[in-house]
Structures are given as structure tokens and as C-alpha cells.
Amino acid sequence: TDNTGNQSSDTATVTITYAYPTVTITKPVNGLYFFNTRILPFPKPVIIGPITIEVTANQIPFGIDHVAFTINKHVRFTDTEAPYAWTWNTPTFFQHTITVTAFDRTGKSTSTSISVSKFF
């Protein structure tokens with residue numbers, strides 16, 4: 001309504017799009033790990049013994065529902081609370097792919113992967 005009493009109305013459809021979650025593997029990074037401790041820099045992650053895989057994940061405004069930890073395309077663990085982490089203590093050898101996928105509370109997801117060499 002304007003100052004002289006004229007009225008007008010209109011409708012519009014609005015679509016609100018939110019960003020996908022972000023996810024980053026913070027451990028392991030490039031280096032030689034001996035029983036979960038980084039002892040030397042190295043061009044790629046090389047792991048001897050168990051390793052705790054640590055992840056940061058975020059999504060605003062909904063937040064993260066869960067993070068899935070996958071080794072070679074097999075989900076091994078799902079974490080529902082930050083800080084997101086999982087200890088990979090299965091004895092294994094050679095090249096593997098670690099993939100972590102963060103799911104927000106609306107079902108959107110984002111993944112990131114790293115290639116590692118693991119022994120024991």
C-alpha cells in the first residue's frame with residue numbers, strides 16, 4: 001500500500017540452494033607414519049601399523065549428519081560426532097585408497113580420497 005492508498009500484490013517462487021558439505025582428510029598427510037605417529041616427511045602417506053584417520057567436515061546452515069570412512073570402496077566406519085576420526089588397525093599391505101564422505105542433514109554429500117601405502 002502506498003501513501004495514497006493504492007494496493008498491489010504479487011507472488012514469486014524462490015528456490016534456496018545451500019552449499020554441499022566440505023570435507024578434508026587432516027591425517028594422514030604426506031609422510032612416513034609408524035604406529036600412528038608421523039616420523040618423517042615423505043612424498044605420499046606411508047603407514048606402518050595402525051593409523052587414526054582424522055577428518056574435518058562442515059556444512060552451514062544444516063551441519064553434518066555423519067562421515068563415512070571407506071577403504072578400497074568398502075565402508076569401514078561411520079562417525080556421527082565431531083571430531084570425525086577412525087582408527088584403521090586391520091593388518092594389510094601395499095596400496096590402498098582412503099575415501100571419506102561427509103553427509104549433511106539434507107542428504108547432500110561430498111567425498112575426498114587419498115592414496116596410501118600401508119603395511120601391517
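Strands here are DSSP runs of at least two residues, numbered from the N terminus. The model in these exercises is predicted.

**Exercise 1. Cis peptide bonds**

Task: Find where Pro-28 lies and state the form of the peptide bond from Lys-27 to Pro-28. Then do likewise for Pro-61.

Solution:
- Step 1. Pro-28 is in the loop between β1 and β2.
- Step 2. The bond that leads from Lys-27 to Pro-28 is cis, and its omega is near 5 degrees.
- Step 3. Pro-61 sits in the loop between β5 and β6.
- Step 4. Ile-60 and Pro-61 are joined by a cis peptide bond with omega of about 15 degrees.
- Step 5. As background, most peptide bonds are trans.

**Exercise 2. Positive phi**

Task: Say where Asn-72 and Phe-94 are located, give phi for Asn-72 and Phe-94, and classify the exposure of Asn-72 and Phe-94.

Solution:
- Step 1. Asn-72 belongs to the loop between β6 and β7 (74-79), while Phe-94 is part of strand β9.
- Step 2. Asn-72 has a positive phi, near 50 degrees; that of Phe-94 is also positive, near 80 degrees.
- Step 3. Neither Asn-72 nor Phe-94 is glycine. Most residues other than glycine have a negative phi.
- Step 4. The cut-offs are under 20% relative accessible area for buried and over 50% for exposed, with partly exposed in between.
- Step 5. Asn-72 has 32% relative accessibility, so Asn-72 is partly exposed. Phe-94 has a relative accessible area of 59%, so Phe-94 is exposed.

**Exercise 3. The nonpolar core**

Task: Describe the largest nonpolar core and list the contacts of Val-67 beyond its neighbours within four places in sequence.

Solution:
- Step 1. This core has 19 residues, and Ile-53, Val-55, Val-67, Phe-69 and Trp-88 have the most contacts inside it.
- Step 2. Two or more core residues come from each of β1 (22-27), β5 (51-58), β6 (64-71), β8 (84-88) and β9 (93-104).
- Step 3. With those neighbours left aside, Val-67 touches Val-55, Ala-57, Phe-77, Thr-78, Asp-79, Tyr-84, Val-100, Thr-101 and Ala-102.

**Exercise 4. Pairing of β4**

Task: Which strands are joined to β4 by bridges, and in which direction do they run?

Solution:
- Step 1. β2 (residues 31-34) and β4 (residues 45-48) run parallel and are joined by four bridges. Phe-34 is opposite Ile-48 of β4.
- Step 2. β4 also runs parallel to β10 (residues 109-119), with three bridges between them. Here Ile-47 faces Lys-118 of β10.

Conventions. Residues numbered from 1 in each chain as written. Predicted model: local features only at pLDDT ≥ 70, side-chain atom pairs only at ≥ 80, totals over all residues. Heavy atoms only, no water. Core = buried A, V, L, I, M, F, W, Y, C linked by side-chain atoms within 4.5 Å. Buried < 20%, exposed > 50% of the residue type's maximum accessible area, 1.4 Å probe, protein only. Contact = heavy atoms within 4.5 Å. Pairing = 2+ DSSP bridges.
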